[in-house]
Amino acid sequence: MTDHAWTQSRWLALYPLLAALLFSVCVWALLDATQRQHLMSEAGPIEQASWMLWLVMAFAFALLAKPDDRVSTRVALVVMMVTFAAREADLHKEITGKSVLKLSFYFQEFPLHQKLIAALAVLAVLAAAGLLIKQYGKQVWRGARGGDIVCTTVLIFLCSMVVSKILDRSVNVLLEDYGIATPPRIGQLIGTTEETMEAMLPLVAAIGLLQHRGRR
């Protein structure tokens, strides 16, 4: 047994996500609208904790990697963690008031230097993501199917990101594209679940790092 033996459960990464689901249902059922709004708002404790945890994970991936880990992988992971933190803190639209992640930003009347800085930042993120996919995409898929604990955690992380994004857009998409209005009470549950799940993603990343470090 190693000091990190407790982390070597294949499905450990599901626990914080299940806790997020339970927490969101409790918040939805027990708190009134004003209390929920305070808890889940952009300046509320959930959002603030989320971007702070992403920054903690950026430092963790920079400082706690194993000696034989690739430098390029460490740099790419740090870039992604900082990106997630910036996204949660809404820095992608803080300077100009419009999201630099939207293509339309680069065709509107914004100063050239802002467009160049934004484009360089976006390209850096795309390069980091592309590197990780190229180096580990197939390995993660095959490893998760074969029972590898770290690959399973990575796959859980990626699937959770997709689910949170679907939840984030679901109410608007149903209304704008299909004319289906989500009942307010259900919309509140969806919003609470999405925000809480996003806040748990840094913990899932931390579990993956601990599992990686705990390997012999």
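How many residues apart are Lys 165 and Asp 168 in helix 6? Keep that one in your heads for a moment, and I'll come back to it with the answer.

Okay, hi everyone. One thing before we start: what you see above is a predicted model, so please listen to everything I say with that in mind.

Back to the opener. Lys 165 and Asp 168 are 3 residues apart, and that is about one turn of helix 6, where both of them lie. They also form a salt bridge, and the closest N and O atoms in that pair are 3.9 Å apart. If the term is new to you, the general idea is that side chains of opposite charge can pair when their charged atoms come close. As for how much of each is covered, Lys 165 is partly exposed, at 40% relative accessible area, and Asp 168 is partly exposed too, at 33%.

So how many salt bridges does the structure hold? The count is 2. The other pair is Asp 90 with Arg 87, where the closest N and O atoms sit 3.7 Å apart. Arg 87 is partly exposed, with 35% relative accessibility. Asp 90, on the other hand, counts as buried because its relative accessibility is 16%, and the cut-off for buried is under 20%.

Stay with Asp 90 for a second. You'll find Asp 90 in the loop between helix 4 and helix 5. Its backbone is worth a look as well: phi there is near 60°, which is a positive value in a residue that isn't glycine. For background, most residues other than glycine have a negative phi.

Right, let's zoom out. What is the secondary structure made of? We have 7 helices and 0 strands, so if you walk along the sequence the pattern reads α-α-α-α-α-α-α. The radius of gyration is 19 Å, close to the 17 Å that the globule rule gives for 216 residues, so the protein is as compact as a globular protein of that length. If you like boxes, the C-alpha atoms fill one of roughly 50 × 50 × 30 Å along the principal axes.

A few whole-protein numbers while we're here. Of the 216 residues, 35% count as buried. The protein exposes about 13100 Å², and carbon and sulfur atoms supply 69% of that area. And if you take contacts between residues at least 6 apart in sequence, 66% of those join residues at least 24 apart.

Now, the inside. The largest nonpolar core has 25 residues, and the members that touch the most others are Trp 54, Met 57, Met 81 and Phe 157. Who contributes? Helix 1, helix 3, helix 4, helix 5, helix 6 and helix 7 each supply at least two residues of this core. The largest share, 7 residues, comes from helix 7. To get a feel for the packing, click on Met 81: setting aside neighbours within four places in sequence, Met 81 is in contact with Trp 54, Met 57, Ala 58 and Phe 61.

Apart from that core lies another one, of 5 residues, including Val 27, Leu 39, Met 40 and Ile 46. Let's use Val 27 as our way in. Val 27 is in helix 1, which covers residues 14–30. Is Val 27 buried or exposed? It's buried, with a relative accessible area of 4%. Leaving out residues up to four places away in sequence, Val 27 touches Arg 36, Leu 39, Met 40 and Thr 192. Look at Leu 39 in particular: it is 12 residues from Val 27 along the chain, and their C-alpha atoms are separated by 9.0 Å.

Over in helix 7, have a look at Ala 199. Ala 199 counts as buried, at 8% relative accessibility. Skipping neighbours within four places, its contacts are Ile 46, Ser 50 and Leu 53. Ile 46 came up a minute ago, as a member of that 5-residue core.

Last stop, the outside. Which residues form a nonpolar patch on the surface? They are Trp 11, Leu 14, Tyr 15 and Leu 18, with about 430 Å² of accessible area together. Tyr 15 lies in helix 1, and so does Val 27, the buried residue we just visited.

That's my tour. Thanks for listening!

Definitions and conventions. Residues numbered from 1 in each chain as written. Predicted model: local features only at pLDDT ≥ 70, side-chain atom pairs only at ≥ 80, totals over all residues. Heavy atoms only, no water. Helix = DSSP H or I, 4+ residues; strand = E, 2+ residues; numbered from the N terminus. Buried < 20%, exposed > 50% of the residue type's maximum accessible area, 1.4 Å probe, protein only. Contact = heavy atoms within 4.5 Å. Patch = residues over 30% accessible without salt bridge, like charges linked within 9 Å, V, L, I, M, F, W, Y side chains within 5 Å. Areas by Shrake-Rupley, 256 points an atom, 1.4 Å probe, with all protein chains shown as cover. Salt bridge = Lys/Arg side-chain N within 4 Å of Asp/Glu carboxyl O. Core = buried A, V, L, I, M, F, W, Y, C linked by side-chain atoms within 4.5 Å. Rg over C-alpha atoms; globule rule 2.2 N^0.38 Å.
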